[in-house]
Amino acid sequence: MRDQAEKLRLKMLESQGALGRSIAVVSGKGGVGKSNFTTNFATLLAKSGKKVVILDMDIGMGNIHILIGKTVKYSLKDYLDGNLAIQDVMFEGPGGLRYISGGSGMATIMEWSEKTFERLIEGFELLQKEYDYVLFDMGAGVANWSLDLLTSLDEIIVISTAEPTSIMDAYSMMKYIHMKDEHKTFYLLCNRAFNIEEGQDTIHRLKTVMERFLSKEVVVLGSLPEDGVVRKAVRQQTPFTLLYPDAPISKTMQKIVNRFLHHQTEEVHSTIKTTNFLSKLKSIFSKGRE
């Protein structure tokens, strides 16, 4: 069965340059805002005129459909079982993007029949032919099946927060993947940064350990700020980039998408600056005197 994973990797690599880009969004630990990043990143890619599809591969914990306010009737498993075409398990999301739920089938990929595996290859080929970007929202951490899939894809976006455990887990994940494929391209992003300095420091620490211990260069996307509009948007089941386009986090996300699309050299970091205790107190006092 190991041959199947290798076949998937070779098949996806064959398509590089000729078809749509396959990109995984990963994190070492849960709770870093990975799926929210994927949803909003994909939304802005779609708004820029690109054809985008998200595959929710967070087995058993997928929540992209909740973030975009959709009810999932079918999943990739229904396609693999041969009951439906790949287009039939695809749903329309905001901004013109498309979405497919991974369902629970991928966890048993190593036990699949040759026929089922060939159908998976066929489905991914169709997506890469039709879409500019195929985004895989992966579950936190790494399992054998997901590691094989990750090494098959073109690029990987790694999400971390400033917490030491999140940084360590993000490094561990990149290390595992790098040991299987040293040519893989990694993009780094710090999410929920309290201020610019925290985002830059988090990215610098990850970038440094990758260079020092693995002799691996990574691409820095930047950092996104902790912003209250994220929670409001989740409650309304709409991407924050659509609901609050003028919020600092939405503007920063747009710059990050531009950097990704146009290979811009400048890193993009949180645009929210820390307001200290005295500044807040002065603000409250001033309002009281107005």
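**Exercise 1. The largest pocket**

Task: In this predicted model, find which element gives the most residues to the lining of the largest pocket, and describe that lining.

Solution.
1. Helix α2 gives the most to the lining of the largest pocket, namely 4 residues.
2. Two or more lining residues also come from β7 (185–193), β8 (219–225), α9 (228–235) and α11.
3. The lining of this pocket has 27 residues in total. Nearest the centre of the pocket lie Val 32, Gly 33, Lys 34, Asn 36 and Arg 192.
4. Sorted by character, the lining has 12 nonpolar, 8 polar and 7 charged residues.
5. The space in the largest pocket is about 550 Å³.

**Exercise 2. An aromatic pair**

Task: Classify the arrangement of the rings of Phe 41 and Phe 260, and state where the two residues lie in the chain.

Solution.
1. A pair of aromatic rings is described by the distance of the centres and the angle of the planes.
2. For Phe 41 and Phe 260 the centres are 5.3 Å apart and the planes make an angle of 75°.
3. Ring centres within 6.5 Å make a pair, and planes over 60 degrees apart count as edge-to-face. Phe 41 and Phe 260 are therefore an edge-to-face pair.
4. Phe 41 belongs to helix α2 (residues 34–47) and Phe 260 to helix α11 (residues 248–262). With their positions 219 residues apart, the pair links distant parts of the chain.
5. Both Phe 41 and Phe 260 are buried.
6. The structure holds 5 aromatic pairs. Phe 41 and Phe 260 also belong to one aromatic cluster, together with Phe 37, Tyr 133 and Tyr 187.

**Exercise 3. Charges over rings**

Task: State which ring lies under the charged end of Lys 51, and which under that of Arg 119.

Solution.
1. The charged end of Lys 51 sits over the ring of Tyr 131, at 5.3 Å from the ring centre.
2. For Arg 119, the ring is that of Tyr 79, and the distance to its centre is 4.1 Å.

**Exercise 4. Positive phi values**

Task: For Arg 192 and Ser 215, give phi, the location in the chain and the exposure class.

Solution.
1. Most residues other than glycine have a negative phi.
2. Arg 192 is not a glycine, and its phi is positive, near 60°. This residue is in strand β7.
3. Because its relative accessible area is 39%, Arg 192 is classed as partly exposed.
4. Ser 215 is not a glycine either, and its positive phi is about 50°. Ser 215 is in the loop between α8 (196–214) and β8.
5. Exposed means over 50% relative accessible area. Ser 215 has 68%, so it is exposed.

**Exercise 5. Arg 235 and the chain as a whole**

Task: Decide whether Arg 235 is buried or exposed, find its separation from Ile 66, and summarise the chain.

Solution.
1. Arg 235 lies in helix α9.
2. Its relative accessible area is 67%, so Arg 235 is exposed.
3. Arg 235 and Ile 66 are 169 residues apart along the chain, while their C-alpha atoms are separated by 9.5 Å.
4. Among contacts between residues at least 6 apart in sequence, 76% join residues at least 24 apart.
5. The protein chain has 12 helices and 8 strands. Of its 290 residues, 48% are buried.

Notes:
Residues are numbered from 1 along each chain as its sequence is written. This is a predicted model: local features need pLDDT of at least 70, side-chain atom pairs count only at pLDDT 80 or more; totals for chains, interfaces and linings use all residues. Side-chain values use heavy atoms; hydrogens and water are left out. Rings of Phe, Tyr and Trp (its six-membered ring) pair if their centres lie within 6.5 Å; planes under 30 degrees apart count as stacked, over 60 as edge-to-face and the rest as tilted. Buried means under 20% relative accessible area, exposed over 50%, partly exposed in between (1.4 Å probe, protein chains only). A charge sits over a ring if NZ of Lys or CZ of Arg is within 6 Å of the ring centre and within 35 degrees of the ring normal. On a 1 Å grid over the protein atoms alone, a cavity is a set of points where a 1.4 Å probe fits but cannot get out, and a pocket is an open set with protein on both sides within 12 Å along at least five of seven lines; lining residues have an atom within 4 Å of a point. Grid points are joined across faces, edges and corners, and a volume is the space filled by probe spheres set on the points. Ala, Val, Leu, Ile, Met, Phe, Trp, Tyr, Cys and Pro count as nonpolar, Asp, Glu, Lys and Arg as charged, and the others, Gly among them, as polar. Contact means heavy atoms within 4.5 Å.
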